[in-house]
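Open the model in your viewer and keep the sequence panel beside it. The stops below each give a selection to make and then say what is there.

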Amino acid sequence: MERYAWKAVLKDGKKEEYVRRHNEIWSEMVDVLKEAGIENYSIWLCGNELFGYYECSKGIAFAGKVQAESLIVDKWNEYMKDVMDMPIDERTGAQPLLEQVFYLK
């Protein structure tokens, strides 16, 4: 199972809205994530820094490809622009993958 981690910045005063939107995540968005093989997805907040982590049962490349080709993901990213700043990797259409430097199994 490949692991994926990303980071972003929550805009000032947008925590409640960010949480609300994720509590009401679109079923179509969940379907795309599952189709991409994304599992055990969690997002953490420290101050205004967001940290996301998920596991890719079908591999990172496949997960990125499915997300990059999804109109639902495009729509979700547009929907979230006013509450967070997240760079998108132009090659993959997904969040830039963080470099893993330690792993304890």
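Select aspartate 85 to begin: at 43% relative accessibility, this residue counts as partly exposed, because the value falls between the 20% and 50% limits. The model is predicted, so a look at confidence comes before the next stop. Colour by pLDDT: the protein averages 94, and 99% of the residues score at least 70. Helix 2 (residues 27-35) has the highest confidence, at 98, while helix 3 (residues 60-68) has the lowest, at a mean of 92.

**Around aspartate 85**

Keep aspartate 85 selected and add lysine 11. Their side chains form a salt bridge, with 3.7 Å from N to O. Aspartate 85 belongs to strand 4 and lysine 11 to the loop between strand 1 and helix 1 (15-23), so the salt bridge ties together parts of the chain that are 74 residues apart in sequence. Lysine 11 is partly exposed, at 29% relative accessibility.

Now show the backbone and add valine 9. This residue stands opposite aspartate 85 in strand 4. Strand 1 (residues 2-10) pairs with strand 4 over two bridges, in the antiparallel sense.

**The sheet**

Widen the selection to the four strands. They make an open sheet in the order 2-3-1-4, with antiparallel pairing. Strand 2 (38-46) and strand 4 (84-85) are the edges; each has a single partner strand, so one side of each has no neighbour in the sheet.

Move to the edge formed by strand 2. Seven bridges join strand 2 to strand 3 (residues 49-56), and the two run antiparallel. To check the register, select glutamate 39 and glutamate 55: the latter, in strand 3, is the bridge partner of the former. Then go to the turn of this hairpin, where two residues lie between the strands. Glycine 47 takes a positive phi there, near 65°.

**Glutamine 67**

Select glutamine 67, in helix 3. Is this residue buried or exposed? Glutamine 67 counts as buried, because its relative accessibility is 6%, under the 20% limit. Add tyrosine 54: the two side chains make a polar contact at 3.3 Å. Expand the selection to the other residues that glutamine 67 touches, leaving out those up to four places away in sequence; among them are Leu33, Ile38, Val73, Ala94 and Gln95.

**Salt bridges**

Show the charged side chains. How many salt bridges are there? The count comes to seven.

Select arginine 21 and aspartate 82, which form one of these, with the closest N and O atoms 2.8 Å apart. The pair links distant parts of the chain: arginine 21 is in helix 1, and aspartate 82 is in the loop between helix 4 (71-80) and strand 4, 61 residues apart. Arginine 21 is buried at 8% relative accessibility, whereas aspartate 82 is partly exposed at 38%. Extend the selection to Glu17, Arg20 and Glu24: salt bridges that share partners join these with Arg21 and Asp82 into one network.

For the last stop, select glutamate 78 and lysine 81. They form a salt bridge, and the closest N and O atoms are 3.4 Å apart. Glutamate 78 counts as exposed, at 52% relative accessibility.

Definitions and conventions:
Residues are numbered from 1 along each chain as its sequence is written. This is a predicted model: local features need pLDDT of at least 70, side-chain atom pairs count only at pLDDT 80 or more; totals for chains, interfaces and linings use all residues. Side-chain values use heavy atoms; hydrogens and water are left out. pLDDT is the predictor's confidence in each residue, from 0 to 100. Two strands pair if DSSP finds at least two bridges between them. Buried means under 20% relative accessible area, exposed over 50%, partly exposed in between (1.4 Å probe, protein chains only). A polar contact is a pair of N or O atoms within 3.5 Å; within protein, one must be able to donate a hydrogen and the other to accept it, and residues adjacent in sequence count only if both atoms are side-chain atoms. Contact means heavy atoms within 4.5 Å. A salt bridge is a side-chain nitrogen of Lys or Arg within 4 Å of a carboxyl oxygen of Asp or Glu.
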